[in-house]
Amino acid sequence: MSPIMCKVGCGFFGTEKFDSFCSKCFKARCPEKFQEIASDSASVTPRNKALTRIVNSPGAQEDEPLHDL
């Protein structure tokens with residue numbers, strides 16, 4: 001699959017997830033749908049997975065501060 005340019009022609013790449021818009025143009029045109037997509041994908045980002053592993057790792061203390069990765 002080759003990269004596609006944003007439908008608006010802003011110079012950024014579009015994605016199927018955002019109906020061939022870049023995230024900035026999609027957010028400007030469909031803010032409600034953008035928020036829905038963003039909240040759905042926020043819980044499965046690699047960073048969140050890494051933090052979950054740290055928090056749930058053996059030896060993690062409840063009062064131990066989380067360090068940003």
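No disulfides turn up in a search of the whole structure, which is a predicted model. Cysteines do sit in the protein, though, and the distances between their sulfur atoms are a good place to start. After that, this briefing turns to the aromatic rings, the one salt bridge and the overall layout.

**Cysteines**

- A disulfide is a covalent bond between the sulfur atoms of two cysteines.
- For Cys 6, the closest cysteine sulfur belongs to Cys 25, at 3.8 Å. That is too far for a bond, because a disulfide needs the two sulfur atoms within 2.5 Å.
- Cys 25, in turn, has its closest cysteine sulfur in Cys 22, 3.6 Å away, which is also too far for a bond.
- Cys 6 is buried, with a relative accessible area of 5%, and Cys 25 is buried as well, at 10%.

**Aromatic rings**

- The protein has four aromatic pairs. One of them joins Phe 18 and Phe 26, whose ring centres are 4.9 Å apart.
- The planes of these two rings meet at 35°, so the pair counts as tilted, since stacked planes would have to be under 30 degrees apart and edge-to-face ones over 60.
- Both partners are buried: Phe 18 has a relative accessible area of 10%, and Phe 26 has one of 0%.
- Phe 18 and Phe 26 also belong to one aromatic cluster, together with Phe 21 and Phe 34.

**The salt bridge**

- Side chains of opposite charge can pair when their charged atoms come close.
- Here, a search of the whole structure finds one salt bridge. It links Lys 33 with Asp 19, and their closest N and O atoms are 3.5 Å apart.
- Lys 33 lies in helix H2 (residues 31-42), while Asp 19 lies in the loop between strand S2 (13-14) and helix H1 (23-29), so the pair ties together parts that are 14 residues apart in sequence.
- Lys 33 counts as partly exposed, at 40% relative accessibility, and Asp 19 counts as partly exposed too, at 36%.

**Overall layout**

- The protein contains two strands and three helices. Starting at the N terminus, the order of these elements is β-β-α-α-α.
- Of the 69 residues in the protein, 16% are buried.
- Among contacts with a separation of 6 or more, 2% come from residues 24 or more positions apart.
- About 5600 Å² of the protein is exposed, and carbon and sulfur atoms supply 56% of that area.

Notes: Residues are numbered from 1 along each chain as its sequence is written. This is a predicted model: local features need pLDDT of at least 70, side-chain atom pairs count only at pLDDT 80 or more; totals for chains, interfaces and linings use all residues. Side-chain values use heavy atoms; hydrogens and water are left out. Rings of Phe, Tyr and Trp (its six-membered ring) pair if their centres lie within 6.5 Å; planes under 30 degrees apart count as stacked, over 60 as edge-to-face and the rest as tilted. Buried means under 20% relative accessible area, exposed over 50%, partly exposed in between (1.4 Å probe, protein chains only). Helices (H or I, at least four residues) and strands (E, at least two) are DSSP runs, numbered from the N terminus. Contact means heavy atoms within 4.5 Å. Accessible areas come from the Shrake-Rupley method with a 1.4 Å probe; for residues, only the protein chains shown count as cover. A salt bridge is a side-chain nitrogen of Lys or Arg within 4 Å of a carboxyl oxygen of Asp or Glu.
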